[in-house]
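The following exercises are to be worked with the sequence and the model at hand. Each task is followed by a solution in steps.

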Amino acid sequence: MTKRKGFLDFISESTFIHILLSVLFGFLVGAMFLKIMGLSITAAYGRLLNSVTSLKGISYVIVYSAPYIVAGLSVAFSFKTGVFNIGAEGQFVMGSMAAVVTSLLCSSLPKPLLIPLCFLIAMAVGALWGIIVGILKTKWGINEVLSMIMFNWIAFYLSNFIAGIPAIKNEGTAEATKNIADNASLLFSKDFIKSVGLCPTANWGILMAVAAMLLVWFIIEKTTLGYELKAVGFNKFAAEYGGINVNRSILTALAISGALGGLAGALQVMGMGKRISIFTSQEGFGFAGIVVALIGVSNPFGVFVAGLFYGFLMYGGSKLNLEGVPTQLINVIVGTVVFFIAISVIFRSFKNLKKKPQKPSIPQSASTDNKGVAES
Amino acid sequence: MTNFWNSFGIILFATLIYTTPLLYAALGSCFSEVSGVVNIGIEGMMTAGAFTGTVVAHFTGNPWIGFLCGGLAGAFFGMLHALATVNLGADQTIAGTAINMLGPGLAIMTAKVLFDSTDTVPLTASQKMPKLFSGAFDTTTVFGRFMDNVFANYASTYLVFLAVLLVWFIFYKTRFGLRLRACGEHPQACETLGINVISMRFACVCISGFLAGLGGACVTMTVSTQFRPISIVGQGFIAIAAVIFGKFRPQGALIGCLLFGFCSGLKVVLGGSSGVNMHLISMIPYVVTVLALILFVGKSRVPSANGKPYIKSK
């Protein structure tokens, strides 16, 4: 098997190439709609790219990305373990509220204590939100997608309710919580930001995202726990036959997913968010997490890059209005990217296009990807 | 007593208003899920329908053309979903997520270009969905007012209950329905009996988009008369939940949607009169759904081939 790989093989086999092509198609389709709507393509895409030409812009992108990366990791982890964590939204909301409340209640604690405490409590609350769904599933057999959708909304209204409690509510007219305690803020000092020329909300949340990425990779690839969780995700019945406690695995997977969702919420509010508003509709970080996980094909490192990409689009997209281009262009681009990732299975068929005529029959032992022969 | 009947009438009116769009979308979801395709893109299809419905009604002046075009817009996204998942074997969750971004993205972007705002122009009285039996009851009496609240309702509401009957009939009394259900349970067996699984599923996902589009149009063409970016916020997911709640049967989805609609109706009345916090009251429909699942419904059996792409040669 020393045959040199052809170009088509390369395209059909590399997931990375599929994603690059999908991103390219995304921008092409975006350009097409811009053209149809009579808007300037160069102005729109120029503004998008222009947003990352300065250090300030790059720091904005990184700041935007941190919560998306961690939310993406939460969903990616659930994908790896065979549950679909559509509930990341609720875990995110609960996590960010937990961080705010903790910081306000313990605002006198010094920074090195308060920050880890906020993270821990946010993760615990997120995990709890995941475990509730897990218990409903394992104990009463209730479909997790259904209960997660419900718990997203319960979290949403609970957060709105807590934000309205007098001890938590902003003293001003804003329909929001008080600002998070200074000692729980991840922001760099003002002097540092000014001297380096970063964006005003620059913070070290991205380091937590890196840590979360490494942790998820380690759990999934290097531990027995990760092996068991993956086995359950792959084939529940085989895993059970192999002696794995399936119910416990589902609970663990949802708890870890939920903890990551909660951490994402904490990062947002302890970083650039500062406080939580009383919303009229869900903010959508959890749903963004689904998209990030999909673009990153559920690989922790892929999710990290996808999160940066998403952060770039979100930050760049917020500047599109200056060119008279609707911000929603970003959703169209991202939607198209995800759509092409979904159908990227067709890229794999390129290989068959070329191979079929030259290989009429293959010995059974040589090829692994030839189920047709084995069947007969 | 007068007060009770008035409140009860308002609750029922609100129930019907909330239930109608959910029920259209839930029926759509039934078609797709039962034929074996997970359609998480219902939300995006509803948004497309909501936008197209109002825009077409605004420009043509005819609510029925608007309503129908809302359905067709949903069907278009349904077709995209079908193309990806049924023909190209794409992952159904991923494709659905893409639809959920594309639908609202395109709708709001078009709104911005057409109206220079993310909201559309509100429909006039003749452009919105007509109310049936309006003025048929004597609203000066308590009973008349109650009847007016409950029965003088939008035409789309009456249609959706007919649609439930129709879908039930299609599912359980026709050859098409039998084949549809078989496709979701064991597509390979269907194929051996000469049923074209690919075209069956393609059709079902398109129908699913059409119904979701109608549901979306109901949201923006009845009580609220304009499309706004927050017109469709999660109704699509609630509809999916109602279908799982109803064990993937149209009559079950009806109960799920009515339960949810009733709790939302309760919320409207309680929110206005009692001193309880509005946000806690808003939680009622979701909490009740979870409780109902635990107490009465229990395990829901998903069609066995649901979520798996069908590859003919396998």
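**Exercise 1. A lysine and its partner**

Is A:Lys169 buried, partly exposed or exposed, and what is its relative accessible area? Identify the salt-bridge partner of A:Lys169 as well.

Solution. The model is predicted, and the values below are computed from it.

Step 1. The relative accessible area of A:Lys169 is 21%. Buried would require a value under 20%, so A:Lys169 is classed as partly exposed.

Step 2. The partner is A:Glu175, with the closest N and O atoms 3.7 Å apart. A distance within 4 Å satisfies the rule for a salt bridge.

Step 3. A:Glu175 is also partly exposed, at 48% relative accessible area.

**Exercise 2. Further salt bridges**

State how many salt bridges the rule finds over all chains, and describe the pairs formed by A:Lys137 and by A:Glu221.

Solution.

Step 1. The count over all chains is 4 salt bridges.

Step 2. A:Lys137 pairs with A:Glu144 through their side chains, at 2.8 Å from N to O. The lysine, A:Lys137, is partly exposed with a relative accessible area of 23%, whereas A:Glu144 is buried at 10%.

Step 3. A:Glu221 pairs with A:Lys230, the closest N and O atoms being 3.9 Å apart. Here A:Glu221 has a relative accessible area of 42% and is partly exposed; A:Lys230, at 28%, is partly exposed too.

**Exercise 3. The interface of chain A and chain B**

Determine how much area chain A and chain B bury between them, and which elements of chain A contribute to the side that touches chain B.

Solution.

Step 1. The size of an interface is often given as the accessible area lost when the parts come together. For chain A and chain B, about 4,100 Å² is buried between them, and carbon and sulfur atoms account for 84% of this area.

Step 2. On the chain A side, A:Met150, A:Tyr157 and A:Phe339 supply 15% of the area buried against chain B, more than any other three residues.

Step 3. In terms of contacts, 44 residues of chain A meet 47 residues of chain B.

Step 4. Polar pairing is then examined. The rule finds 0 salt bridges across this interface, and the count of residue pairs in polar contact, both at pLDDT 80 or more, is 0.

Step 5. The elements of chain A that give two or more residues to this side are helix H2 (15-36), helix H6 (111-140), helix H7 (144-164), helix H13 (285-295), helix H15 (329-342) and helix H16 (345-358). The largest share, 10 residues, comes from H7(A).

**Exercise 4. An asparagine in helix H7**

Is A:Asn160 buried or exposed, and which residues does A:Asn160 touch, leaving aside those up to four places away in sequence?

Solution.

Step 1. A:Asn160 lies in helix H7 of chain A. Its relative accessible area of 1% is under the 20% limit, and A:Asn160 therefore counts as buried.

Step 2. With residues up to four places away in sequence set aside, A:Asn160 touches A:Ser277, A:Ile278, A:Phe279 and B:His279.

Step 3. A polar atom of the A:Asn160 side chain lies 3.4 Å from the backbone nitrogen of A:Phe279.

**Exercise 5. A loop threonine**

Locate A:Thr177 within chain A and state its relative accessibility.

Solution.

Step 1. A:Thr177 is in the loop between H7 and helix H8 (190-196) of chain A.

Step 2. The relative accessibility of A:Thr177 is 0%, and the residue counts as buried.

Step 3. The residues that A:Thr177 touches, not counting those up to four places away in sequence, include A:Met97, A:Val100, A:Ala163, A:Lys169 and A:Arg275.

**Exercise 6. A nonpolar surface patch**

Which residues form the nonpolar patch on the surface, and which helix gives the most to it?

Solution.

Step 1. The patch consists of A:Leu214, A:Trp217, A:Phe218 and A:Phe301, with about 360 Å² of accessible area together.

Step 2. Helix H9 (residues 205-222) of chain A gives the most, with 3 residues.

Step 3. A:Phe218, located in helix H9, is partly exposed at 42% relative accessible area.

Note on methods:
Residues numbered from 1 in each chain as written. Chains lettered and ligands numbered in written order. Predicted model: local features only at pLDDT ≥ 70, side-chain atom pairs only at ≥ 80, totals over all residues. Heavy atoms only, no water. Patch = residues over 30% accessible without salt bridge, like charges linked within 9 Å, V, L, I, M, F, W, Y side chains within 5 Å. Areas by Shrake-Rupley, 256 points an atom, 1.4 Å probe, with all protein chains shown as cover. Helix = DSSP H or I, 4+ residues; strand = E, 2+ residues; numbered from the N terminus. Buried < 20%, exposed > 50% of the residue type's maximum accessible area, 1.4 Å probe, protein only. Contact = heavy atoms within 4.5 Å. Buried area = accessible area lost by both parts, 1.4 Å probe. Polar contact = N/O pair within 3.5 Å; in protein donor to acceptor, adjacent residues only side chain to side chain.
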